[in-house]
Amino acid sequence: MLFPSTARARAALFGFLFMFAAAAVQAEAANTAAKLPNVTILATGGTIAGTGASSTTTIGYTAATVGVQSLIQAVPEIAKVANVTGEQVFQIASENISDAQWLQLAKRVNLLLAQSNVDGIVITHGTDTLEETAYFLNLVVKSKKPVVVVGSMRPSTALSADGPINLYNAVRLAGTPEAAGRGVLVAMNDQVHAARDVTKANTTTADTFRTSELGVIGYIQGGKPFFYREVSRKHTVDTEFDISKLDALPQVDVAYAYANVGDVAVNALVAAGARGLVHAGVGNGSLPAKTRPALVKARKDGVVIVRASRVGQGIVARNGEANDDELDFVVADTLSPQKARILLMLALTKTTSTREIQRMFYTY
Ligand code: SIN
């Protein structure tokens with residue numbers, strides 16, 4: 001090609017080349033963005049959005065102070081692996097989450113996942129009740145697309161804050177087609193847990209989320225998820241629960257057993273309007289003698305009783321430590337008391353038949 005001889009012609013050529021290169025860069029960027037998964041981050045607060053007075057403040061910080069856009073901007077690496085949009089659903093410490101907020105969150109998740117331009121959802125959440133929100137969503141989300149709940153144990157201002165890597169991993173997981181159809185997942189500390197079985201197991205350490213005996217379902221290594229176990233209990237699209245028209249859930253409470261416990265809590269909860277009660281019994285869901293008559297009376301008065309265990313692992317055996325057939329009680333199977341409460345609330349939106357509710361506890 002002949003190099004233009006006049007300054008004007010050279011300027012025109014350079015201008016043309018510059019525009020051509022810029023257009024090529026733009027096209028390449030658009031091409032890359034089109035190939036990346038579209039992940040929506042729904043922020044709800046918690047320590048992952050928390051700030052402390054100094055970098056060594058890992059206790060006594062304030063949860064839920066950082067907004068979703070700042071959370072995303074703090075991890076610029078995310079933009080290389082997903083097209084991310086953020087929404088602040090609420091901004092709370094998770095011990096304050098309500099049934100109404102669960103319904104609000106689930107409805108938003110269902111609406112977003114019905115859109116063809118959303119491939120997966122990440123929910124940032126406080127860790128204290130993270131497992132409960134994850135299990136609630138596991139039962140009511142109506143999509144196979146990945147939904148990943150994530151939190152952190154150290155606030156965003158701490159040395160070695162775990163929020164950024166947990167968020168990055170959660171976005172990678174939510175953007176991975178292999179994560180679809182596994183129910184709601186929890187991504188913490190490089191591990192992938194099933195919502196039904198995971199629990200917070202340590203008050204403060206970064207490895208607090210555990211699925212002790214049943215085991216994690218996968219790992220995230222170098223940003224890539226690896227799966228090793230299928231989830232066997234039904235979830236999401238395979239449940240019978242529909243929250244689309246609900247604006248409240250039936251009142252269900254938990255009564256905790258301990259040595260020398262009486263009937264005060266059970267009677268108070270029933271008097272306060274509980275339609276269902278989860279008894280967090282000792283051992284194999286045993287009923288202390290001073291509590292049992294109150295539970296029997298509550299059942300006769302129409303309250304559905306679920307026998308769970310405070311132990312943390314294992315099956316509560318039906319007709320084991322109590323004759324459930326005779327008492328017309330339900331057993332929680334392996335669900336923790338706090339998760340049994342969630343399933344019982346949803347079950348009561350469908351039926352009061354204890355036979356049906358027991359079926360649900362063996363299904364989900
Ligand atoms: C919370 O659950 O909101 C506070 C604690 C945490 O996120 O670790």
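Rings of Phe, Tyr and Trp are taken as an aromatic pair if their centres lie within 6.5 Å. In this predicted model, the structure holds 3 such aromatic pairs. One of them joins tyrosine 219 and tyrosine 228, whose rings lie 5.8 Å apart, centre to centre, with 65° between the planes. The pair is edge-to-face, because planes over 60 degrees apart fall in that class. Tyrosine 219 has a relative accessible area of 41% and is therefore partly exposed. Tyrosine 228, at 58% relative accessibility, counts as exposed, since the cut-off for that class is over 50%. The pair of phenylalanine 241 and tyrosine 364 has ring centres 5.3 Å apart and planes at 55°, so this pair is tilted.

The ligand was examined next. The residues around the ligand are Gly46, Thr47, Ala93, Ser94, Gly126, Thr127, Asp128 and Ser152. By class, this shell comprises 6 polar residues, 1 nonpolar residue and 1 charged residue. Ala93 is the nonpolar member and Asp128 the charged one, because Ala counts as nonpolar and Asp as charged.

Contacts to oxygen atoms of the ligand involve both side-chain and backbone atoms of the shell. In threonine 47, a side-chain N or O atom is 2.9 Å from an oxygen atom of the ligand. For threonine 127, the distance from a polar side-chain atom to an oxygen atom of the ligand is 2.4 Å. Aspartate 128 contributes a backbone N or O atom, which lies 3.0 Å from an oxygen atom of the ligand. The ligand taken alone exposes 250 Å², of which 93% is buried by the protein. The space that the ligand takes is the second largest pocket.

Terms used: Residues are numbered from 1 along each chain as its sequence is written. This is a predicted model: local features need pLDDT of at least 70, side-chain atom pairs count only at pLDDT 80 or more; totals for chains, interfaces and linings use all residues. Side-chain values use heavy atoms; hydrogens and water are left out. A residue is near a molecule or strand if one of its heavy atoms lies within 4 Å of it. A polar contact is a pair of N or O atoms within 3.5 Å; within protein, one must be able to donate a hydrogen and the other to accept it, and residues adjacent in sequence count only if both atoms are side-chain atoms. Accessible areas come from the Shrake-Rupley method with a 1.4 Å probe; for residues, only the protein chains shown count as cover. On a 1 Å grid over the protein atoms alone, a cavity is a set of points where a 1.4 Å probe fits but cannot get out, and a pocket is an open set with protein on both sides within 12 Å along at least five of seven lines; lining residues have an atom within 4 Å of a point. A molecule sits in a cavity or pocket if more than half of its atoms lie within 2 Å of its grid points. Rings of Phe, Tyr and Trp (its six-membered ring) pair if their centres lie within 6.5 Å; planes under 30 degrees apart count as stacked, over 60 as edge-to-face and the rest as tilted. Buried means under 20% relative accessible area, exposed over 50%, partly exposed in between (1.4 Å probe, protein chains only).
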